[in-house]
Amino acid sequence: MMPPTILSPGESAFDWLLDAADHIRSTVRMRGAALIRGLPIREPGDLTIVRKILGVQPYRATELFGQRTVYGDGVASPIEWPAERELCPYQEETFSAVVPSIALTACVRPPEAGGEACLADSRELLHHLPDELARRFQELGWTLTRVFREEFGMKWREAFGVDSNDALIELFSQIGIDHDWVSNGGLRTVRRRRATVVHPKTGEECWFNQAAFFNSASLQPRDLAVLRRAFGPDIPMETGYGDGSPLTEDEVSAIQDAYAKTSAAVRWQAGDLIVADNVLTAQGRRPYKGNPLFFTYLGDPVPLSVLS
């Protein structure tokens, strides 16, 4: 899954990018991602210039999961994640009714050590899963259950950007989320989504979900034990098959192993830009040291129904 590297010139890089835009987009469509090296991206506005040159259209998320620093015009930081922990590869917004098909990640200041980007091929990943596990996901899809509580974690008003129960229910009806209220005013949300999709341009079947990423088996055992003691079965996040049946630890491990077998690591340099097809490619990062600075942009929205 090592992406092809495209070198930009030292001068007039944005003019060069305009001439190279079609080649870059076609490379991303074939290979899943491309690494552009040597761009003068130093401020959030520089990534805005880049995404306009590449013709990447704005995307607006309907639900927040991880904290990010928002810089404006769709540019944000990567999700906050402990530096000492690996962020396993995932595709952005697979739980949504409308998903971004392009993800831009720009490196302004690389880590002092580690922090490599890990890119996994979602087409190839399917072939590294146990046959029965792949078949069940293909036929049943996956479910994501998220429980909000006022005393813990992100509040539903922040996650969905609405202030009233009526507005929340209206939003749920639009984006296909079921809900009920749990003890102490908590909110449980459940949505069922396809676990594999067909890429709209290439016609290839792709693994497209975060069933392993959000599953309790992916948590550190000590962290999971704390959540179980505090909330019982209604922990903040859980996933399963589309019929609601749970995943076993072995199944989650099999998915994680498939990601590992189809991943390649990219060591960052200042001025790097990874342009990734969010359907063809999952992205993560290795643990790091230092104080890196990255800008991200998600764009080119596609209704999930188009990918079915």
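A pocket here is an open set of grid points with protein on both sides within 12 Å along at least five of seven lines. With that in hand, welcome to some exercises on this predicted model.

**Exercise 1. Describe the overall build of the protein chain: how many helices and strands does it have, and what is its radius of gyration?**

Step 1. Start with the secondary structure: the protein chain has eight helices and 19 strands.

Step 2. Next, turn to the radius of gyration, which is 19 Å. The globule rule gives 19 Å for 308 residues, so the chain is as compact as a globular protein of that length.

Step 3. Then look at the extent of the C-alpha trace, which spans about 60 × 45 × 40 Å along its principal axes.

Step 4. Finally, consider burial: 52% of the 308 residues are buried.

**Exercise 2. Explore the second largest pocket: how much space lies in it, and which elements line it?**

Step 1. Take the volume: the second largest pocket holds about 620 Å³ of space.

Step 2. Find the residues around it. The lining of this pocket has 30 residues, and P78, I79, R285, F294 and T296 are the closest to the pocket centre.

Step 3. Sort the lining by element. Two or more residues come from each of β5 (87-90), β6 (98-109), β17 (281-285) and β19 (293-303). Of the elements, β19 gives the most, with five residues.

Step 4. Sort the lining by class: 17 residues are nonpolar, nine are polar and four are charged.

**Exercise 3. Now look for enclosed space: how many cavities of 30 Å³ or more are there, and what lines the largest cavity?**

Step 1. Recall the idea behind the search: rolling a probe the size of a water molecule over the atoms shows where empty space is left.

Step 2. Count the cavities: there is one of 30 Å³ or more. The volume of the largest cavity is about 60 Å³.

Step 3. Name the lining. The largest cavity is surrounded by C88, P89, W207, N209, Q210, A211, A212, F213, S218, I255, Q256 and Y259.

Step 4. Assign the lining to elements. At least two residues come from β5, and at least two from α8 (249-261). The largest share, three residues, belongs to α8.

Step 5. Check the classes: the lining of the largest cavity has eight nonpolar residues, four polar ones and no charged ones.

**Exercise 4. Study the aromatic rings: how many aromatic pairs are counted, and which charged residues lie over a ring?**

Step 1. Begin with the count, which comes to 14 aromatic pairs.

Step 2. Follow the links between rings: F65, W81, Y90, F95, F213 and F214 form a cluster through their ring pairs. One of these, F213, also lines the largest cavity.

Step 3. Look for charges over rings. The charged end of R146 sits over the ring of F65, 4.0 Å from the ring centre. R136 lies over the face of Y241, at 3.9 Å from the centre of that ring.

**Exercise 5. Examine E93 and D300: where is each one found, and is each buried or exposed?**

Step 1. Locate them. E93 is in the loop between β5 and β6, while D300 belongs to strand β19.

Step 2. Look at the backbone. E93 is not a glycine, yet its phi is positive, at about 65 degrees. D300, also a residue other than glycine, has a positive phi near 55 degrees.

Step 3. Apply the cut-off: buried means under 20% relative accessible area. E93 has 8%, so it is buried. D300 has 12% relative accessibility, so it is buried as well.

**Exercise 6. Follow the chain around β19: how exposed are G290, V302 and L304, and how far apart in space are V302 and V197?**

Step 1. Place G290 in the loop between β18 (288-289) and β19. At 41% relative accessibility, G290 is partly exposed.

Step 2. Move on to V302, which lies in strand β19. Its relative accessibility is 14%, so V302 is buried. From V302 to V197 the C-alpha distance is 12 Å, with their positions 105 residues apart in sequence.

Step 3. End with L304, in the segment after β19. L304 is buried, at 8% relative accessibility. L304 and L280 are 24 residues apart in sequence and, C-alpha to C-alpha, 14 Å apart in space.

Conventions:
Residues are numbered from 1 along each chain as its sequence is written. This is a predicted model: local features need pLDDT of at least 70, side-chain atom pairs count only at pLDDT 80 or more; totals for chains, interfaces and linings use all residues. Side-chain values use heavy atoms; hydrogens and water are left out. On a 1 Å grid over the protein atoms alone, a cavity is a set of points where a 1.4 Å probe fits but cannot get out, and a pocket is an open set with protein on both sides within 12 Å along at least five of seven lines; lining residues have an atom within 4 Å of a point. Grid points are joined across faces, edges and corners, and a volume is the space filled by probe spheres set on the points. Helices (H or I, at least four residues) and strands (E, at least two) are DSSP runs, numbered from the N terminus. Ala, Val, Leu, Ile, Met, Phe, Trp, Tyr, Cys and Pro count as nonpolar, Asp, Glu, Lys and Arg as charged, and the others, Gly among them, as polar. Rings of Phe, Tyr and Trp (its six-membered ring) pair if their centres lie within 6.5 Å; planes under 30 degrees apart count as stacked, over 60 as edge-to-face and the rest as tilted. A charge sits over a ring if NZ of Lys or CZ of Arg is within 6 Å of the ring centre and within 35 degrees of the ring normal. The radius of gyration is taken over C-alpha atoms; the globule rule is 2.2 Å times the number of residues to the power 0.38. Buried means under 20% relative accessible area, exposed over 50%, partly exposed in between (1.4 Å probe, protein chains only).
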